[in-house]
Each structure stands twice: as structure tokens, then as C-alpha cells.
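Got your viewer open? Let's take a short walk from one selection to the next.

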Amino acid sequence: MDFSFIDPRTVYLIGHLLGIAFGAGGAFVSDLLFLKAVRDNKITKTEMGFIEIGGYCVTIGLVVLVVSGAFLFSLDPEKYLASSKFLVKMTVVTILIANGFLLHAVHIPRMKKRLNESLTAHRSKFWKLALIGSGVLSAVSWVSAIILGAFKSIPYEYEAILGVYVGAVIVATAIAYVLRDVLVPHARKK
């Protein structure tokens, strides 16, 4: 069999797409599972297990994304460093990684401590807002990274592209703040 049609760029790109599928898919499913889990104002051990599996998918996706991205970058570093689209995408991926650390270091351990308990009995208003903010940042960042990756080039400077991303985060955060009691209810009356 002749495999000469397979070049390194294609292999790295396949890895990159798999990283996006795992990362974004895990993030979106985890967020939806969390929103479903808090409908009754508590998270069960089973629900937490599913949320953690989604988190592991995000971690695997980000690792595959970064490694495959590094290989893609190595093929033409000058081209990538001259691309404002690429630089914004790297900023967004860095934000995703930082947000992931926050999720695994703060939010998930807090939720695990409250399994089968009323979330509102122990939850501070700040934590609720931070949790919503983290979810919004994750969703907007994954969608932004996918959109940026889809374009061959964008004819705007780094600041302009980043400004659109920041604007999307602000608008999505404002919407989530308005809908906060629907997204993460304080308490349910029986």
C-alpha cells in the first residue's frame, strides 16, 4: 500500500481536530450535566462522576490540542508568529488552560464536599457567580478557538480580534448574570 499521500501536516491536523472534539465536547457536555444536576439544588455522587469524566475529556483534549498545535507550529513558526489570528487563538487557549486549572483546583473540590447536600446551604453568592463566570468563559473560549481555527486568515490586528473575543465574553457573562437564578438556582420550593 502506498501511504505517500499522508504528510506530517495532515497527521498533526488530525490530532488537532481530535483535541478540539475531546476538549470542546467534554466542556459542553460537562456544563450541561452541571446545569441539569443543580436543578434539584444538590449534586449526587453519580452526577459528580459524570461531571468529572467530562473534565477529564477536556484535559485530554487540551493536551492533544497543545501537543498537535506545537507540531503544526514547528512546520512554519515564522508564518504563525506573524499571524494575529494565531496569536489570539494562543491567548484563548491559554485562558482555557487557566480556567481549567481554576475549575479543577476550586470548583470541583467544593462541589465534591457538598455531595447530596443543599448547594445553597453552603454556597456563597461569590462562588455562584465565579462558577457561572467560569462556565461562560469556557463556552465562549472554546467556540472562539474553533471559529479562529476555521478561518485561513483574518485581516485584522491582534487587538481588534481580541477585542471581539473580550466583547463576546462580556456579553455572554451579562446574559448569564441576568439568567443566574435559572442557570444555577438558589433553592427550590417543594
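Start by selecting Y80 and F86: both are buried (under 20% relative accessible area with a 1.4 Å probe and protein chains only, while exposed is over 50% and partly exposed lies in between). Before going further, know that you're looking at a predicted model, where local features need pLDDT of at least 70, side-chain atom pairs count only at pLDDT 80 or more, and totals for chains, interfaces and linings use all residues. Residues are numbered from 1 along each chain as its sequence is written, and side-chain values use heavy atoms, with hydrogens and water left out.

**The ring trio**

Add F73 to your selection, and you have one aromatic cluster made of F73, Y80 and F86. Rings of Phe, Tyr and Trp (its six-membered ring) pair if their centres lie within 6.5 Å; planes under 30 degrees apart are stacked, over 60 edge-to-face, and the rest tilted. The structure holds 4 aromatic pairs. One of them joins F73 and Y80, a tilted pair at 6.1 Å centre to centre with 35 degrees between the planes. Y80 and F86 are tilted too, because their planes sit at 50 degrees, with ring centres 5.0 Å apart. F73 has a relative accessible area of 25%, so it is partly exposed.

**Along α1**

Next, colour helix α1, residues 8–37 (helices are DSSP runs of H or I, at least four residues, and strands are E runs of at least two, numbered from the N terminus). Click H16 in this helix: its relative accessibility is 10%, so it counts as buried. What does H16 touch? Leaving out residues up to four places away in sequence, the partners are L65, S68, G69, L72 and K89, where contact means heavy atoms within 4.5 Å.

Stay in α1 and pick F34, which is buried because its relative accessible area is 10%. With the same sequence neighbours, up to four places away, not counted, F34 touches I43, I51, M111, L131 and V184. Try a distance label too: the C-alpha atoms of F34 and E47 are 7.8 Å apart, though the two residues are 13 apart along the chain.

**Where α4 meets α7**

Last stop: select α4 (residues 84–113) and α7 (residues 158–178), which pack at about 40 degrees with axes 8 Å apart. That makes α4 oblique to α7 (angles under 35 degrees are roughly parallel, over 145 roughly antiparallel, 65 to 115 roughly perpendicular, and the rest oblique). Show side chains at the contact: the α4 residues include L87, V88 and I95, and the α7 residues include Y158 and Y165.

Methods:
Axes are lines fitted to C-alpha atoms, for helices over the stretch in contact, and angles run from 0 to 180 degrees between N-to-C directions.
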